[in-house]
Each structure stands twice: as C-alpha cells, then as structure tokens.
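Thanks for coming. I have one structure to go through today, and I will keep to the strands, the interface and the domains. Please have a look at it first.

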Amino acid sequence: MGETAAPTALDGLRVLDFCRLGFGSQATMILGCLGAEVIRIESTTRPDPIRVMPPFVPEPGETGQGFGGATLAQAQKQQSPNRGGIFYKYNTGGKRSIAVDARNPAGLDLLRRLVAVSDVVTESFAAGTLGRWGLDYDTLKELRPDVIYVSMCGYGHVGPDSHYVTMGPTAQALTGLTHLVGLPDREPAGWSFSYLDHVGGYLGAYGVLAALAHRRATGEGQHVDVSQLEPATALGGPLVLDRSVNGRSSRRAGFPPGNRRGGAPQGAYRALGDDRWVVISCSTEAHWLAFVAALGHPAWTDDARFATLAARIEHADELDRLVETWTETRDRYEVMETMQRVGVPAGAVQDAADRVERDPQLAARHHFTRLASTEVGELPLEGVPFELSVTPPDTGGAIHRGPPDLDEDRDYVLGEVLGLPDDEIAVLVGSGALQ
Amino acid sequence: MTGALDGVKVVELVDEPVEYCGRLLAGLGAEVVKIEPPEGAASRHAGPYVEGRDGDLDASLDFWHFNVGKRSVVVDDDETARRVCAAADVVIHTLGSSRAAARGLDHESLSAGSSGLVSCVITPFGLTGPWADYAADDLVLMALGGSMAVCGYGTDDPPLACWGDQAWLTAATYGAIAVLAALDFRARTGQGQLIDVSAHQASASMTEWHVMTYLCTGSPMARFRHPTVTARDGKQVAALIPDFLGPHVFTHFLAMLEADGVAGPLADPAFEDPRHRARGYGELMAATQRLADRHDGEELFRLGQEAGLPWGVIRTPDETLDDRHLRARGHFVEIDGVTHVGAPIVANGSPFRFDRPPPRLGEHTREVLDQLEQPT
C-alpha cells in the first residue's frame, strides 16, 4: 500500500453476507478484494463450521493438527472460533464480522435495518432458510427496493431436487468433473479437494457483478440463483456437445486419457527425490526438436518409433519410460529450467510448501499477502489472481486486514454503519440479539 | 428483459484456451467480436468434431462450446486488428508485453484515443515476474499450481490433471469477473484500465485449504483418491458422511441404513458418540458399501439425498443432459437445433442467454469492418 490509497473497483458497494463454509465465502472474498465492504452475519452459538474445523492455526511454537483429526463437537469444545485454518482461505478481503441471532426479534429487526443500507445480500444456506427467518426475497425488496440478492446453494432455489444438498465432491461427481480425472480404464481418481467450492464462488461473484451492471443500467435489483452444478457443466462443455450432436458419451474405453493431451512426450515424470515429479509437455514438432537438443541428442531419440508426432503418440508408453530415465536422476526444477530455456512447456509438480517457500513467480507477483488477524496474528493469505492497473485489488480489502475474529466488528457495524447511539446498543446487548 | 451487458462491445483476440471469458460476457448480452487469423482460432483445430467432419474448421465442438454467441472476423493485419480493438469497450487478449507492444495491441497504444478502454490480458504467468516469458499449457499450469500434486491414485501412480484446461478456465472466469468490476468502475469514473490475469496464480489459488494445511501443520497434503462406494450396477458414488456438520448427519444416515436392513454394528448405541464414530469410520464406510450393493448408482445417490446426505453418483459431463433438475431449470438451451450448455447462473432480471450460434470462420468479417467505416 502506497502513501496515497488507490481507488478500488467496487468502492462504496456494501455486501451483507450470510455465507458459511467455502462456496459462498469464496464469492464474497473476491468482492472484498475488489474493495466492497463485506459484513459477515455470524452466530456465536452455531459458528461457521470452518471457523472451528481443523487444521487449526497453531499457537506460536506449536504444530497444528491436520484436517480430519477431530470431530466438530470436539473442536467446538476445545478450540477458539478464530483458529480454524480453512476460514483463513475463504474470508480475506477485509471482511467484517458481527454476531446476530436472527431468531431473536430484536436480532431480526437489526438484520432488516442492515438490509436497508446494503447493496447486496449473499447467503449459502439450504433453499428456504432465509425465508423461514422472515428474510425472503420479497421482504428484502421491501426493505431495499433495488437489492441484489444472490443465493448460493447446492441445487439452487428452484427445481424438483432443490432440497438436495452438495459439498464439493458431490457436485464434482454429478457434473462430470470427477470422471475427468483418471488413468484410462481405471476407476476415476477424481479431485482430492473441493474444486467446485471455488468455481461456484467465482460464478457467485460473477452473478453479483452482472446484477450490479443491470442495476446500474435500469435501477432494478434481482434475485440471482446460483447452484453448485450449473457453474461446472460448462467446464466439460465440448463433451456435452459430443453427446448432443454426435450421440457419443465419454463413458467409454480409454477415456479420460490421464495426462495425455494429444502430444508426446507429455505427462508427469519422476524426478530426483521422494515422490517428486516434473511435467514435460511436447505438443508440436518444434517442442520435440528442442527437447531432443536439450537432452544432447541421446541415441534413443533417433529411433524410428519417435520420428513423427503420430509415431511418438503411438509409442508414447515406450517414450515415457525413456524420458523418465533422464528425468529421474535430476531435480524437478532443474528439468523445468532446462526445458524452459529452449521453449518446451515444463513445470515442477509443486505442493503447497513449494508454492509458499520456493515458487519465485508467486513471490514476485505478491501472490501471498501477509495480513494480520486479531487472535492468530499474521498469515500469508491468497486473494485474486490478477492485477488491475488503476484499482489494484487488496487481499485485505479496503481495511487491509486479515479475516475477522468472530463478532469482531460489532461496534463498527452498529455505531458507524447504522449510527446507533450507545444506549440503543446497550439495549440490543441486553436483549440477547447479539450472539 | 435486457442482458446485463447490453451495448457493451468486447473484442477477443486469444490464442490460449481462454475463450470461456468471452463466452461469459456474451451470455450477459455483450457484443463479442472474435478476431481470428485466416487459418482460424486454435480451438477450431481441436476436437471433438461433428461426426464425419473431422478437421472442418466450422465443425469443432470445442470451438462451438466456447464461442457460441460471438461473431467471427478474420483479420490478417495488425492495423485492422488495432482499429477493431480501438472501437471496443473491452479487449481480451493473450499476448505478453513484448508481443502486444510489437503489434500495437498493448493497453497504452490501444487506449491512446479512449481512456475508457478495459484491456483484459490473460497469460500463463502474468505480465511480470521471472517466469513471465515461460511456456505453459494447462498440464504445466496444473503442475505448478498444485492440483496435480494431490490428485491421483497415490504415490505409486503419477500426479494427475483433470481433462479439459481447468487452470485456463479458472483464469478465464477470473478474467470475466475482473472485466465486470472494471466496467463498474468505468461507469462511475469514465476510466478504463489494464487487467493482468495470471493463469498460474489462478491455478495456485484453487486448491482449497491446502496452503493453510501446510502453514498450520508444516506438512503439505498427500495425494489420494477421493473415496467412493461401488453401486450394484458398477457405478461409483461419492457417499459423503460429513459428521462435522452436526449430529443430524449420523441420525439420518442410520435411519436410511435401518430402512434397508443393513445398519449392522452401527445400531450399537456407542456410535451415537461422535468420538466413537470418528474412530470407527471404517464401519460407516462398510455399511455404506452394504447399502450400495443393493442399489444402482442413480438410485443410491437419490436415496442418500432424500435422507439429507450430500451424495452424488459419478456421471460423465454428457450425462448431465439427462438430469431432471437441470432440465427443469432450463439449463440446456437449443440454438439452431443444437443443444448447448446454457446459463451458469439463474438471473431472471437480466437472463443469461446466447443470441447467435457459434460463428463460421470469418462469418462476420464484412459486417464488422463495414461498421467501423460508419460514422458513429
């Protein structure tokens, strides 16, 4: 941050955010990085599960516990709601936090007042939940006629199965994304994480911004219904057309093709070290010639089986074994650099430690921003993967802060956003509405 | 009803698989003009093709999917390309800094006559940094970004990347988000700007809690296959039992097992204790497999869902065409007799839709160039 604060793309936009878990919070994180003021409505009695799920951000000098190491019930008893590691992935962008009990009449009244001063309301509950609290879209519209209401839940709010629920792996299975990760003729390997929690969140942010453009042109708000399925179908779209046009399904022998993409050699090859790998991807004749030259023209590269791209693809298994005899004695980054020097696409298979500690490109691009949260202190956190020349995004949002401690911004929201006098705040506290 | 971006002019000049960015803007009503070289965009050379038309530049289904709703202009000189771009509100391209400058398509040159221009540049590594000029395809981006390290069958098999350019698609999606934000800023101030999207960073930020796991525990995540059960018909089902969401999860799960008579040892009240369940997770999976043995995949998935569990049968992308829920939501749309994937979001106030089929190569060259000649 320079001395003079740059303008932000979404300066002045206020988002009242009821999202929990990953999917919706990814969306509002993007808005926060772009300068929107995102106010999380939370509960101290039933905190967002990712606030209290492992891995936990350790106390200084301690080592935390990995995901899956404890149940929620244990976690809630043992842990502060400000140490759940996953929360710190999805709630940057300078989000604010206030605890409000929507089931308390004074709490509901407070939420209604917050809706009236917000541009956008976001939520990720099961369809109908907000309505049961008395905050359905028609009510939101009464409170704020041009409100943009974006709901984000598994199956969306409309349709015969809208009561179905998803997590990332569910949506990945149902939309074909799981099927697309695997070696030929083996059961799908799938994704070991929730790719679609991200994708659903991206389309949630896109939905907010599309509705904002429409509101700017017409003055009208709307309800945008985002599911976790529809954002994903386009990701395998050509295969949908293969069926609708050609009647051909991708449930067939040899598909998916592992790491092969129509080139050879192409794939992940073992490198020096324990479970270390490097990707080399030769998809053109020029790549092959450069690859051979970089290896110093070993004799096997003259083999007739590898004379043309078509021949190399036909003999890809034999070629892969020979390539691996070269890579497996070399450091993965050394292989990457050797290839990149001659223009062959190549990259080390990096894990999270590599991205944080080694990757010089992520470091140069300031991919991680060290931001402080009140209880856990500073962490290197991720925001959006782009720069804007006039309105630079800030992973810490307009207030350049890490994710909020639970209920951290009560005074700000009540005093500055709503302008409530101290005596009214005292009444609210006494009513039990703020928990 | 109007589209959210009605009247916004977008020009796309891309040779990486980021055409999804323009697709996302076209669906909102923007007029998207695609500049292609005489030999056609790279995606016209990628299959699958309409059966019997292999290699036909107007018959690539990859091109169709990512370019529906756009117009195609063949331009083979930079001067004309610059004129087409200069008339736009938004230009999307994939040229690194030196290539863009050499062709006069960099943001400074293009915005010389229009300070409101938004340039969205999507490159493998972004426009700056030590790897800015490195070569990458999706496989390389998925390796460097981190998904491959954790996806696969385990350490005996290689790390795997998902089919279908997922890192590029993520970068393209972020490109569309950034364009929308930049257009909102422009609507308030009149000022355009340069958007610099790094596909590497997009890929690096899609692995959920993995960086946090490393920071919290000191160890990165291992590579593993997401567990499934095998249904009676051989289909795999992701049968999640997310105990962490609360005690109702196990209650519903147990009731479903008991209804089918396969609860077995889970009927022991000891399993009411979440700590016991955490220790005996193998028993939960074994009971799920007993249930799976009795049902086909589609049926098992719906059985779980009706019990409130986030279960999903593993389908292929094309099998989504048969999904009753997606069909009821109008997700698939017919354009010139072809069924396409439609809106990624349901926005009834400004519906996402495509006004035209995928363009033939150069179909709109004359129309677009003639428009440039007309006084505005």
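In which sense do strand 4 and strand 5 of chain A pair, parallel or antiparallel? Strand 4, residues 120-123, and strand 5, residues 148-152, run parallel, with 4 bridges between them. To place that on the model, find A:Val120, which stands opposite A:Ile148 in strand 5 of chain A. I should say now that this is a predicted model.

These two strands belong to an open sheet of 7 strands with mixed pairing. The order is 3(A)-2(A)-1(A)-4(A)-5(A)-6(A)-12(B), so you can read the last member as coming from chain B. At the edges are strand 3 of chain A, 96-99, and strand 12 of chain B, 346-347, and each of them pairs on one side only.

There is a second place where strands of the two chains pair. Strand 12 of chain A, residues 386-388, meets strand 6 of chain B, residues 193-198, in the antiparallel sense over 3 bridges. Within that pairing, A:Leu388 has B:Ile195 as its bridge partner.

Now the interface as a whole. On the chain B side 145 residues are in contact with chain A, and they touch 155 residues there. Interface size is often quoted as the accessible area lost when the parts come together. Here chains A and B bury about 13,200 Å² between them, and 64% of that lies on carbon and sulfur atoms. In chain B, the residues that lose the most area to chain A are B:Trp163, B:Glu208 and B:Phe244, but together they make up 7% of what that side buries.

What about the polar part? The rule finds 76 residue pairs in polar contact across the interface, both residues being at pLDDT 80 or more. It also finds 12 salt bridges between the two chains. One of the salt bridges joins B:Arg324 to A:Asp161, with 2.7 Å between the closest N and O atoms.

Which element of chain B gives the largest share of the side that touches chain A? That is helix 8, residues 166-189, with 13 residues. By residue class, this side of chain B has 83 nonpolar, 40 polar and 22 charged residues.

Last, the domains. Chain B is divided into domain 1, which takes in 9-208 and 332-373, and domain 2, which covers 229-313. Taken over C-alpha atoms, the centres of these two domains of chain B are 43 Å apart.

That is what I had; I will take questions.

Methods
Residues numbered from 1 in each chain as written. Chains lettered and ligands numbered in written order. Predicted model: local features only at pLDDT ≥ 70, side-chain atom pairs only at ≥ 80, totals over all residues. Heavy atoms only, no water. Contact = heavy atoms within 4.5 Å. Buried area = accessible area lost by both parts, 1.4 Å probe. Salt bridge = Lys/Arg side-chain N within 4 Å of Asp/Glu carboxyl O. Polar contact = N/O pair within 3.5 Å; in protein donor to acceptor, adjacent residues only side chain to side chain. Nonpolar A, V, L, I, M, F, W, Y, C, P; charged D, E, K, R; others polar. Pairing = 2+ DSSP bridges. Domains from an automatic or database assignment.
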